[in-house]
Amino acid sequence: MADFPACPQCGQANTYADGTLWVCPDCGHEWGGEAAVEAGPTVRDSNGNPLAAGDTVVVIKDLKVKGSSIPLKQGTVIRNIRLVEDDPEHIEGSSDKIKGLVLKTIFLRKA
């Protein structure tokens, strides 16, 4: 279940999102704005830093790549990453030698 914020007026945790607003049914207070509707899960690198589409990341461990005889070496830079929709554990990107990679975020750090 999603973590909804407590009402800032009465402190009750019985709140829900209504469009772009948070609503407390106990006291009727409405607050928020664009933050009420989340765009999806937050994608984070191995150090906990948030990642966004277009970021540059660095591989922190040598990785074997399925379908390729070339391994992805530690320190390889992946530029202009794309986020996988509804999957906070994977990103898409390309290195200089290997195109069309899907990588787990636990093996990456933000550059």
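Two strands are taken to pair if DSSP finds at least two bridges between them, and the strand pairs described below were assigned on that basis in a predicted model. In this predicted model, Gly-93 stands opposite Leu-101 in β7, within a pairing of β6 and β7 that is antiparallel and extends over 4 bridges. The mean pLDDT of the chain is 87, with 91% of its residues at 70 or more. Among the elements of the chain, the highest mean pLDDT belongs to β4, at 97, and the lowest to β3, at 80.

The pair formed by β6 and β7 belongs to an open sheet of 5 strands, arranged in the order β7-β6-β5-β4-β8 with antiparallel pairing. The edges of this sheet are occupied by β7 and by β8 (108-110), each of which has a single partner strand, so that one side of each is left without a neighbour in the sheet. Direction ignored, neighbouring strands of the 5-stranded sheet are turned by 45° against each other on average. Strands of a sheet pair through backbone hydrogen bonds, in either a parallel or an antiparallel sense.

Within this sheet, strand β6 (residues 90-94) is paired in the antiparallel sense with β5 over 3 bridges, and Arg-79 is placed opposite Ser-94 of β6. On the side of β7, His-90 has Lys-104 as its bridge partner. Two hairpins connect these strands in sequence, as follows. The hairpin of β5 and β6 has 6 residues between its strands, and Asp-86, located in the turn, has a positive phi of about 60°. The hairpin of β6 and β7 likewise has 6 residues between the strands, and in this case Gly-100 takes a positive phi near 70°.

Positive phi values were also examined in residues other than glycine. Asp-86, which is not a glycine, has a positive phi of about 60°; this residue is found in the loop between β5 and β6, and at 63% relative accessibility Asp-86 counts as exposed. Asn-80 likewise is not a glycine and has a positive phi, near 55°, but Asn-80 lies in strand β5. Asn-80 is classed as exposed because its relative accessible area is 51%, and the class of exposed residues begins over 50%.

The largest nonpolar core contains 14 residues, of which Leu-72, Ile-78, Ile-91, Leu-101 and Leu-103 touch the most other members. Two or more residues are contributed to this core by each of β4 (57-59), β5 (77-83) and β7 (101-104). The surroundings of Leu-72 illustrate the packing in this region: when residues up to four places away in sequence are not counted, Leu-72 touches Val-59, Lys-61, Asp-62, Leu-63, Val-65, Ser-95, Ile-98, Leu-101 and Leu-103. The contacts of Leu-72 thus include Leu-101 and Leu-103, both of which are also listed among the core residues that touch the most other members.

A second open sheet is formed by 3 strands in the order β1-β2-β3, with antiparallel pairing. The edge strands here are β1 (16-18) and β3 (30-32), each pairing on one side only, and the twist from one strand to the next averages 40°. Strand β2 (residues 21-23) is joined to β3 by 3 bridges, the two strands running antiparallel, and Leu-21 has Gly-32 of β3 as its bridge partner. It is β3 that has the lowest mean pLDDT among the elements of the chain.

The cysteine residues were considered last. The count of disulfides comes to 0, a disulfide being a pair of cysteine sulfur atoms within 2.5 Å. For Cys-10, the closest cysteine sulfur is that of Cys-24, at 3.6 Å, which is too far for a bond. For Cys-27, the closest cysteine sulfur is that of Cys-7, and the separation of 3.7 Å is again too far for a bond. Cys-10 is partly exposed, with a relative accessible area of 34%, and Cys-27, at 36% relative accessibility, also counts as partly exposed.

Conventions
Residues numbered from 1 in each chain as written. Predicted model: local features only at pLDDT ≥ 70, side-chain atom pairs only at ≥ 80, totals over all residues. Heavy atoms only, no water. Core = buried A, V, L, I, M, F, W, Y, C linked by side-chain atoms within 4.5 Å. Buried < 20%, exposed > 50% of the residue type's maximum accessible area, 1.4 Å probe, protein only. Contact = heavy atoms within 4.5 Å. Axes fitted to C-alpha atoms, helices over the stretch in contact; angles between N-to-C directions. pLDDT = per-residue confidence, 0-100.
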